[in-house]
Amino acid sequence: MAEPFVFHFRPDSSGHPEQMYIHDVLCGCGVCGHPQIQRFYHSTSFHSFDLYSLLRIASTAHEVADYVCENCGEQVGAKDVQRAVVRFAFADDAGEIVLFMRDFGVIDGPVICAQLFEQRRLDPQVQPVFEPDQAVKVLEEQDLTDDLVVERLGRYFSLKQALYELYCDWEDMDDPEDAFFVEKLAEGMWVVLGDDYENVLSDALNERELEEARKEDVVWLELLKTPAPELPFYEDTAHKLPGQWRRWMPVSTRETLEQGECAIWFGVSLSIIRESFERALEVARLQPVVDEDASVDLKSLVYEDIMTPRDEPMGQQLSLLDVAYRAVWTGISPGDAAQLSAEELVGMLLKVWHA
Ligand SMILES: [Zn+2]
């Protein structure tokens, strides 16, 4: 059976992306005890989503239960929930975080534990399971931290948050000359953040931590000089692209950048973008049209059109660099940017994405 196309994102009422998660509750009817499972496909704002938001969803997971018992007709609700599970997976395939909740309605409740699964995708057809997988380490709520997500899944939960924390570390330094930080943010994305002096990038690229980022398919972009991406779904990205850095960054941080005191450079892997984007289109049975002469150099690779499953052109263009600009402009991983851009195209075709 062909792999089904799964949307990780959906637009909210203003056309801003929300990210999907799966929410299961196991209830026992308060009158007859009849057990029943309810499943929800929920979504939450993509650009501001972080680990704290996920834990907040988990801690109120029982509140969604609401149905009439199929055995006795009694109304079942939050008070009847015995177990709840929330499953969230990163759109760039870094992995899945599954949260298991029990002991609702008690002081200090609910009890939350979690499991992390590397490189696992969100599967809407997975059977509801209310007990952790015995073969995988179970984490207590307090052990599920941003650092652990980085260690186990190879990416920051929120790249924007990681970037801002790095900025604060730079700002807190006691003014040494020509100082910078380097960090891997996600698969195929690195950042150099520091004093804005002429050789900051070349100095940073000598650091051992950036060895991987010296490859030919990695393009280095300075945040302040990166142009607005041109994307099929947005007519005016400079003003309307959700999640862009000039909107989410605190004013003082933005000013420090614009006054040339601090520089932020991103290294973005174009092969990861290409791989993720083409894979997503393939699963959706869309066929990108590439100028073969240009396809050797990833920096000039342009998808000149996208063919629908009926072999009709969509009349949409997109370049790999524009997807890289999107990742940089909005502080998201290259895989997320590629998947989101592909889903917008699929969504436009199915008329579920419209501004
Ligand atoms: Zn009942």
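In what order do the four strands of the open sheet stand? The order is β10-β11-β13-β12, and the pairing is antiparallel. Keep in mind as you read that this is a predicted model.

**The sheet**

Let's start at the two ends of that order. β10 and β12 stand at the edges with a single partner strand each, so one side of each has no neighbour in the sheet. From one strand to the next, the twist averages 20°.

Now move inward to β11 and β13, which pair in the antiparallel sense over seven bridges. You can find one of the bridge partners yourself: G194 is matched with A263 in β13. A helix joins the picture here too, as α8 lies across β12 and β13 and runs at about 50° to β13.

Here is a small guide for locating these elements in the sequence.

| Element | Residues |
|---|---|
| Strand β10 | 180-186 |
| Strand β11 | 189-195 |
| Strand β12 | 218-222 |
| Strand β13 | 262-269 |
| Helix α8 | 270-283 |

**A residue to look up**

Is L166 buried or exposed? A residue counts as buried if 20 or more other C-beta atoms lie within 10 Å of its own. L166 has 20 such neighbours within 10 Å, so it is buried. You will find L166 in helix α3, which covers residues 159-171.

Which residues does L166 touch, leaving aside those up to four places away in sequence? They are F181, E183, V191 and L193. For another view of L166, look back along the chain to V138: the two are 28 residues apart in sequence, and their C-alpha atoms are separated by 30 Å.

**The whole protein**

Stepping back, the protein has 10 helices and 16 strands. Its radius of gyration is 22 Å, close to the 20 Å that the globule rule gives for 355 residues, so the protein is as compact as a globular protein of that length. The C-alpha trace spans about 70 × 60 × 40 Å along its principal axes. Of the 355 residues, 39% count as buried. Among contacts with a separation of 6 or more, 63% join residues 24 or more positions apart.

**Two domains**

The protein is divided into domain 1 (9-153) and domain 2 (158-355). Their C-alpha centres lie 30 Å apart. How many residues of each domain meet the other? From domain 1, 12 residues are in contact with 17 residues of domain 2. On the side of domain 1 that touches domain 2, six residues are nonpolar, three are polar and three are charged.

Definitions and conventions
Residues numbered from 1 in each chain as written. Predicted model: local features only at pLDDT ≥ 70, side-chain atom pairs only at ≥ 80, totals over all residues. Helix = DSSP H or I, 4+ residues; strand = E, 2+ residues; numbered from the N terminus. Rg over C-alpha atoms; globule rule 2.2 N^0.38 Å. Buried ≥ 20, exposed ≤ 12 C-beta atoms within 10 Å, placed from the backbone. Contact = placed C-beta atoms within 7 Å. Pairing = 2+ DSSP bridges. Axes fitted to C-alpha atoms, helices over the stretch in contact; angles between N-to-C directions. Domains from an automatic or database assignment. Nonpolar A, V, L, I, M, F, W, Y, C, P; charged D, E, K, R; others polar.
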